[in-house]
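Welcome, and thanks for opening the viewer. Please load the model, and we will go from one selection to the next.

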Amino acid sequence: MQIQLVDVHTQYLKIKDEIDSGIQEVLDTTAFINGPRVKRFQKELEAYLGVKHVIPCANGTDALQIAMMGLGLKPGDEVIVPAFTYVATAEVIALLGLTPVMVDVDLDTFNVNTESVAAAITSRTRAIVPVHLYGQSADMEAIMNIASAHELYVIEDNAQAIGADYIYKNGERAKTGTIGHIGCTSFYPSKNLGCYGDGGAIMTQDDELGDVLHKIANHGQSVRYYHDLVGCNSRLDSIQAVVLSAKLPHLDEYCDARRKAADYYDAAFAEVPALITPYRAPYSTHVFHQYTLRVTDGQREALKSYLDEHRIPNMIYYPVPLYKQKAFAPYAGSTTYLPNTELLCKEVISLPMHTELDEKQLEYISRHVISFFRK
Ligand SMILES: *Cc1c(COP(=O)(O)O)cnc(C)c1O
């Protein structure tokens, strides 16, 4: 059986006509950059997320960088990040001469531990970057409370959780990426809302910040050739906007399809003592960017080899704590060992997860995972 970690092609075939005609329209009008299709997608995403400003940009890493530039963070300022994340989160912090302060995560949610965040705050701390890892929100209410008590900014790294709802204690909901001062996301093809190249966006409810972020992403200008700020060149192109406009109306159904696949896996692995299936926090819906298991009996590498042998795609997100990465060792400071991060790097494995998994494929994958533990 042919199984893919992510199947973007089968998904494309279902919306092919709309995408093909939209791309043809861009070719015919040659409005390749910042054309009307980009503006249209911006408005559609604002409406979907319930956020005042969406600033489309070139990729998710740029989104994070522009967010930090927009907040006026200066060299030496400290920014708190989870040590268990994709490198982009911390990379832009280092690139801007800021200091990433890496803290531990929770074993159940994989997301940043709020006590560790509070404990890491110093007089130089300016911002916190929670990452909604694998498609589930970090504990935003707690994080926003810590931030407001210490007058810190919160930048949500929402690259893996677009479409997820955060659920407040009073039952109200908000889309992830719209709760902090700024939210950032990526439209990399394999993300939950992915285009067919690079793409990203920045979100904010703040008018003034929205204006500054728009400018920074476009060479610091709002009127051409009049530059108010030092910015950068980070634009979404029209062809990517066409793809995103075609997919956005399906995002909720894509999230449902991912949850359904996750439900199947959960049920299949319930009786395997060595496996811990993903915890679902009461304060978030889960959009399963990844379906990530913990293999608790020290057999993760053996399971990985077994799955490789049987041609079942799998991936380790992420094998090395940030503070142990060569590039980030100079920023690690006194952080040399965070127990939960270390354990997760040894235990996690992600299985195929996308919108097109059918029951046959899920049965095949699950059967092989289970047979490894029965052999
Ligand atoms: C994908 C990703 C990014 C970066 O997005 P790009 O579009 O690849 O630059 C940042 N943070 C997280 C958590 C991601 O998964």
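Before the first stop, one term: buried area is the accessible area, for a 1.4 Å probe, that two parts lose on being put together, summed over both. Please also keep in mind that this is a predicted model.

**Stop 1: the two domains**

Colour residues 8-249 as domain 1 and 250-374 as domain 2, following the domain assignment of the chain. Their centres, taken over C-alpha atoms, are 24 Å apart. Between the two domains, about 4000 Å² is buried, and carbon and sulfur atoms give 61% of that area. Now show Met102, Leu107 and Tyr134 as sticks: these are the domain 1 residues that lose the most area to domain 2, together 19% of what that side buries.

**Stop 2: across the interface**

Next, select the contacting residues: 51 in domain 1 touch 39 in domain 2. How many residue pairs are in polar contact between domain 1 and domain 2? There are 23 such pairs, with both residues at pLDDT 80 or more. On the domain 1 side, the elements that give two or more residues include helix H1 (8-14), helix H5 (88-95), strand S3 (99-103) and helix H9 (238-247). By class, that side of domain 1 has 29 nonpolar, 11 polar and 11 charged residues.

**Stop 3: salt bridges**

Side chains of opposite charge can pair when their charged atoms come close. In this model the count comes to 20 salt bridges, and one salt bridge is found across the interface of domain 1 and domain 2. Select glutamate 356 and lysine 14 to see a salt bridge between their side chains, at 2.5 Å from N to O.

For another pair, go to helix H2 (residues 16-29), where lysine 16 and aspartate 20 sit four residues apart, about one turn of the helix. These two also form a salt bridge, with 2.6 Å between the closest N and O atoms.

**Stop 4: the ligand**

Centre the view on the ligand and show its surroundings, among them Asn59, Gly60, Tyr86, Val131, Asp157 and Gln160. Three side chains are worth a distance label here. In threonine 61, a side-chain N or O atom is 2.5 Å from an oxygen atom of the ligand. For serine 186, the corresponding distance to a ligand oxygen is 2.7 Å. Lysine 191 has a polar side-chain atom 2.7 Å from an oxygen atom of the ligand.

**Stop 5: backbone details**

Most residues other than glycine have a negative phi, and most peptide bonds are trans. With that in mind, where does phenylalanine 110 lie? Look in the loop between S3 and helix H6 (114-120); phenylalanine 110 has a positive phi, near 70 degrees.

Finally, select tyrosine 317 and tyrosine 318: the peptide bond from the former to the latter is cis, with omega near 10 degrees. Tyrosine 318 belongs to the loop between helix H11 (300-309) and helix H12 (339-347).

Notes. Residues numbered from 1 in each chain as written. Heavy atoms only, no water. Domains from an automatic or database assignment. Contact = heavy atoms within 4.5 Å. Salt bridge = Lys/Arg side-chain N within 4 Å of Asp/Glu carboxyl O. Polar contact = N/O pair within 3.5 Å; in protein donor to acceptor, adjacent residues only side chain to side chain. Nonpolar A, V, L, I, M, F, W, Y, C, P; charged D, E, K, R; others polar. Near = heavy atom within 4 Å.
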